[in-house]
Amino acid sequence: MHSIPGRRLIMGLFLVFLLLPIYWLVNMSFKTNSEIVSTMTLWPHTPTLQHYKRIFTDESWYSGYINSLEYVVLNTIISIAVALPAAYAFSRYRFLGDKHLFFWLLSNRMAPAAVYALPFFNLYSAIGLFDTPWAVALAHCIFNVPLAVWILEGFVSGVPREIDETAFLDGYSFPRFFIKILVPLIASGIGVAAFFCFMFSWVELLLARTLTSVSAKPIAAIMTRTVSAAGMDWGLLAAAGVLTIIPGALVIWFVRNYIARGFALGRV
Amino acid sequence: MDKTVNQKAWFLVLPVFLVVAFSAVLPLMTVVNYSMQDTFGNNQFFWNGVGWFKELLDPSTDLGGRFLASLGRNLFFSLVILAIEVPLGIVVALSMPREGWTVAACLVILALPLLIPWNVVGTIWQIFGRPDIGLLGYVLNAAGFDYNYVSNDIDAWVTVIVMDVWHWTSLVALLCYAGLKSIPEAYYQAAQIDGASRWAVFKAIQLPKMNRVLLIAVLLRFMDSFMIYTEPFVVTGGGPGNSTTFVSIELVKIALGQFDLGKAAALSLVYNLIILIVCWIFYTVMTNAGVERKVQASSEPAVEPKPSVGLKPVPALKPKEGVA
C-alpha cells in the first residue's frame, strides 16, 4: 500500500542517474591527462595518484582546503551561538513583532547572494576584514543564522515546558538552566543544525570568492585556476572536485534521519 | 501551543537580530544609496534619481532589455525545473524501500548531490557532458546526436536543466519521504478495508499528507532556482551568447564585471523585491494552510469529502498541525 509498482526499478534507475556523473569524476581523477584526452575509458587503464599527490604537496592547493574549513567552522560556531537563545525565545514566548521577525529571517535565507556580493565587498573592505576568513564567515551568516534558528526552534519545541518550570523551581538561574539542562537535551538538534550550517557554508562559492583575494581564498575558487595556457588540467580538476565531496559524504551518515528536516528549514 | 507573552524574550533574540541586521540591512542600505546614483571612474558619483529604475523596466534600453530577457529566461527555467522535479521527487519518494539497510543507503545516496559545492556540481557536469572527454557527450555523439553544450543553445539549456534535476530532485524526494513517513499505519489499514485503489490511496491519504512539505519544497526550489548562479556559470558561462544568462549572472556581470554600481544596485533592489513578494505569498499560504486544517480537523465528519476511503474511523489520529 505504501509504495508504487515497479518501485525497485524506478529507485534503481534514479540512483544510477545520481551516481553516474560522480563516478565519472572519480574515474577521471585517477587517470593521467594523456589518457583523459586521448581515449574514452570506463576505468583508469594506467591508474595514477599524481593529481592527489600534487594537491597534498602544493601549498597553494591544500591551503585552499584549510581556508575553506576555517571560515566554515567559524560560521558554524557563530550561527549556532546566536541562534540557540533565539530559538528558545521563538519556541517559548510570544513577544512584540515575533511573527514579523520570523518572516524577516526566512526572507534573508531566500535573498540572492548575487545581490549582496558587491555591498559585502564594500562593507568588509571598509572595516578591514576583506580577505580574512571572518568576512566570509560573517557573510554566510545571512542564510545560515535563519536556517539554524528554524531548525533549532523545532527541536526546542520538542522539549516539554514542564522541564523548564521544574528547573526554575529548583532554583536554576536562566543561563545555568540553558547550559546545564536545555543544551544537553537538544544536543542532537544542535548537531543537525551545525551540520546544515557547515554544509551550506561549504557549498556556497559566490560570496566566498568575492570576499577573498589571496590569503583566504577558498578551495572552490582555487579550482578555477586549472585553466592555463597549456590547456585544462582535467585530472587535477577532477581530483580537487572529489576531495570537496568527501567532507559532506563522511558526515552525512550521522544525520541521515534528519536530512529532510534540515533541508525543510526545520519545518517537517 | 499556548505561548506566554514575555517581552524580555527580545533579549534572547537580540544577537540574531544584530548579526542578521549587520549582514543584511547594512549592505542593503548601500544598495539603495547606489541605486540613485551614477558613477564615472573612481568614486565620482552623480545623482540619478529613479533613472535606473525607469531604464530597468523599459525593454527598449540596453539595461532594461538585458534585465527583462534574463528575468524571462530565469522564470522559464524555474517553471521547467519545478515541472520536472516535483513529480519526479514524489515518484522517487513513493519508491523508497520500506525497511532494512537499503533505506539508509538510499537516503545517503539521495543526499549526496545536495552536499557537493555548487561549482563542483558545475564541474562534474562540465566534464560529464563534454563531447571529447565526457561520458554523456561521448555516448550521445556516438549514438548520432550532434550534442555540444558549448555551441548549441538548446543543448546548453538541456544540460543546465538536467544538471539542476540531478542536483535538487533529491531535496523534493527527501521532503516528500518525510511527509509520507508521518502517515499512521491505521490510515492504510482503513483504506485497505474499504478496498481503495492505489490511486485513491495516493489522492486521499498520501497527497494531502504531503501538502505541507510539498509547499516547502516548491518554495525552496523556486527560490533557489530563481537565484541560481554558480552551476550554469561554471558549465556554460551564461552562453552560448546570452542564452543561459540568468538574472544573477547578469547582475554579477554588471556589478563586478563592469563595476556599474548604479545599474547593478537598481537591478538588485527590483530582484530582491520580487523575491520578497513571492516569499511573502508562500509564507501566508503556509500559515493559512495550517490554520485551515485545524478548523477542518475539528469539524471532521461534516467536511470529510471521501467517506469511501474510510478516513472516518480514525479522526482522533489526525496529528496536530504545527503553525508553519
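Visitor: In which hand does H1(A) pass H3(B)?

Guide: In this predicted model, H1(A) makes a left-handed crossing with H3(B).

Visitor: What else describes two packed helices?

Guide: In general, a packed pair is described by the angle between the axes and by the distance between them. Here, helix H1 (residues 7-29) of chain A packs on helix H3 (residues 62-94) of chain B at about 120°, and their axes are 9 Å apart. That angle makes H1(A) oblique to H3(B), because it falls outside the 65 to 115 degrees that count as roughly perpendicular and is not over 145, where roughly antiparallel begins.

Visitor: Which residues of H1(A) and H3(B) meet?

Guide: On the H1(A) side look for A:Arg7, A:Ile10, A:Met11 and A:Phe14; they meet B:Val91, B:Val92 and B:Leu94 of H3(B). Sorted by class, this contact has 6 nonpolar residues, 1 charged and no polar.

Visitor: Let me try another pair. How do the axes of H5 and H7 of chain B cross?

Guide: The same two descriptors, angle and distance between axes, serve again. Helix H5 (residues 118-129) of chain B and helix H7 (residues 153-181) of chain B cross at roughly 125°, and their axes come within 11 Å. H5(B) and H7(B) are therefore oblique to each other.

Visitor: Is the crossing of H5(B) with H7(B) left-handed or right-handed?

Guide: Right-handed.

Visitor: And which residues of H5(B) and H7(B) meet there?

Guide: From H5(B) come B:Val121, B:Trp125 and B:Gly129, and from H7(B) come B:Thr159, B:Met163 and B:His167. By class, the contact of H5(B) with H7(B) holds 3 nonpolar and 3 polar residues, with no charged ones.

Technical notes. Residues numbered from 1 in each chain as written. Chains lettered and ligands numbered in written order. Predicted model: local features only at pLDDT ≥ 70, side-chain atom pairs only at ≥ 80, totals over all residues. Axes fitted to C-alpha atoms, helices over the stretch in contact; angles between N-to-C directions. Helix = DSSP H or I, 4+ residues; strand = E, 2+ residues; numbered from the N terminus. Parallel < 35°, antiparallel > 145°, perpendicular 65-115°, else oblique. Left-handed = near helix turned anticlockwise from the far one by under 90°. Contact = placed C-beta atoms within 7 Å. Nonpolar A, V, L, I, M, F, W, Y, C, P; charged D, E, K, R; others polar.
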